[in-house]
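Open the structure in your viewer and keep the selection tool at hand. This tour goes stop by stop.

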Amino acid sequence: MRIYIEKDYDAMSRRAAQVIAAEITHNPSCVLGLATGSTPEGAYKYLVDWHKKGCLSFKDVRSVNLDEYKGLEPTHDQSYRYFMQFHLFDHVDIDPRNTRVPDGLTKDPAAHCAEYDAYIRSLGYVDLQLLGVGRNGHIGFNEPGDCFVKETHVVDLAESTIDANARFFATRDDVPKQAISMGMGAIMGAKKVLLAASGAEKADAILGCVCGPITPRCPASILQLHPNVVIVVDEAAGSKLKAAGVPVCG
């Protein structure tokens, strides 16, 4: 793992965006695995800005998203399809036909999940997978449990995840209780993984990811088995790594 601890959210976002931009520059037809939530918003702002300045093109990029709430229409302002359109896709030159987000309204979730995995395999898996991490160590919506789930699947969201996401909805009761999430097989099949995190509430999850036991109780810990992981955090999220004396990049 290469670990960067930046001074604040903006610096973390810029570093994460630089990693993504470098991947696109090196391989203009790359496959990006994309994430949603407050963590990647800053990185997407940088990417949009660089595109508008003529420094970066998404013309040949293909993307697959990690997850989507079950039951939300793609036009719902809290759906992850809407998030991607609002924060990235509508502002760059990516071909809409080359973007994929799980269908939260699918009538046959099992078939849809199998089709999603088959599509990822048809791309040769992802070149760069962007991840956030939950307070409980979840990546995508792979919640803590008794085992790592390999395939894309329907997830019952943990109470802590519902609590964390309630700020985006009118009331806690409005937060969907299920989601469709890419499984660990596709995540670990990525050629490179970029995990970003900010805030003191993520410090335990980052510590568990980097140097805790590899256990489905902290899903992010499986990244210790991946050969090419870059972790970018702000000082608050990386505080326990520093305390533990974990080596970081300059």
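Is Tyr-125 buried, partly exposed or exposed? Select Tyr-125 to begin. Tyr-125 has a relative accessibility of 30%, so it counts as partly exposed. You will find Tyr-125 in the loop between α4 (109-122) and β6. Check the backbone there too. The phi angle of Tyr-125 is near 70 degrees, a positive value in a residue other than glycine. Bear in mind throughout that this is a predicted model.

**The whole chain**

Now zoom out. The protein chain has eight helices and 10 strands. Its radius of gyration is 17 Å, close to the 18 Å that the globule rule gives for 250 residues, so the chain is as compact as a globular protein of that length. Along the principal axes, the C-alpha atoms fill a box of roughly 50 × 45 × 35 Å. Colour by accessibility next. Of the 250 residues, 54% count as buried. The accessible surface of the chain comes to about 10900 Å², and carbon and sulfur atoms account for 52% of that surface. Contacts also reach across the sequence. Take those between residues at least 6 apart: 79% of them join residues at least 24 apart.

**The sheet**

Show the strands as a cartoon. Seven of them form an open sheet, with parallel pairing. Trace the order: β1-β10-β9-β6-β2-β3-β5. Which strands stand at the edges? They are β1 and β5 (99-100). Each has a single partner strand, so one side of each is left without a neighbour in the sheet.

Now select β6, residues 128-131. On one side, two bridges join β6 to strand β2 (residues 31-34), and the two run parallel. Look for Leu-32, whose bridge partner in β6 is Leu-128. Strand β9 (residues 192-197) also pairs with β6 in the parallel sense, over four bridges. Here Leu-130 has Leu-194 as its bridge partner in β9. Leu-131 is matched with Leu-195 in β9.

Turn on the side chains of β6. In a regular strand, side chains alternate between the two faces of the sheet. Leu-128 and Leu-130 point one way from β6, while Gln-129 and Leu-131 point the other way. All four of these residues are buried.

**A glutamate beside the sheet**

Select Glu-23 in helix α1 (residues 9-26). Is Glu-23 buried or exposed? Its relative accessibility is 12%, so Glu-23 counts as buried. Leave aside residues up to four places away in sequence, and Glu-23 touches Cys-30, Leu-32, Asp-127, Leu-128 and Lys-192. You have met two of these: Leu-32 and Leu-128 are the bridge partners linking β2 and β6.

**Helix α7**

Move to helix α7 (residues 203-211). Which of its residues are buried? They are Ala-203, Ala-205, Ile-206, Gly-208, Cys-209 and Val-210. Now show what surrounds them. The cover over these buried residues includes β1 (2-6), β9, β10 (229-234) and α8 (239-243).

**The aromatic rings**

Display the rings of the aromatic residues. The structure holds seven aromatic pairs. Start with Tyr-44 and Phe-83, an edge-to-face pair. Their centres are 6.4 Å apart, with 65 degrees between the planes. Tyr-44 lies in helix α2 (residues 38-52) and Phe-83 in helix α3 (residues 80-87), so the pair ties together parts that are 39 residues apart in sequence. Both Tyr-44 and Phe-83 are buried.

Next, pick Tyr-80 and Phe-141. This pair is stacked, at 6.1 Å centre to centre and 15 degrees between the planes. Tyr-80 lies in helix α3, and Phe-141 in the loop between β6 and β7 (153-156), so this pair ties together parts that are 61 residues apart in sequence. Tyr-80 is buried, and so is Phe-141. Add Tyr-69 and Phe-169 to the selection. Ring pairs link Tyr-69, Tyr-80, Phe-141 and Phe-169 into a cluster.

**Last stop**

Finish with Arg-100 and Tyr-119. How far is Arg-100 from the ring centre of Tyr-119? The distance is 4.4 Å, and Arg-100 lies over the face of the ring.

Notes. Residues are numbered from 1 along each chain as its sequence is written. This is a predicted model: local features need pLDDT of at least 70, side-chain atom pairs count only at pLDDT 80 or more; totals for chains, interfaces and linings use all residues. Side-chain values use heavy atoms; hydrogens and water are left out. Rings of Phe, Tyr and Trp (its six-membered ring) pair if their centres lie within 6.5 Å; planes under 30 degrees apart count as stacked, over 60 as edge-to-face and the rest as tilted. Buried means under 20% relative accessible area, exposed over 50%, partly exposed in between (1.4 Å probe, protein chains only). A charge sits over a ring if NZ of Lys or CZ of Arg is within 6 Å of the ring centre and within 35 degrees of the ring normal. Two strands pair if DSSP finds at least two bridges between them. Contact means heavy atoms within 4.5 Å. The radius of gyration is taken over C-alpha atoms; the globule rule is 2.2 Å times the number of residues to the power 0.38. Accessible areas come from the Shrake-Rupley method with a 1.4 Å probe; for residues, only the protein chains shown count as cover.
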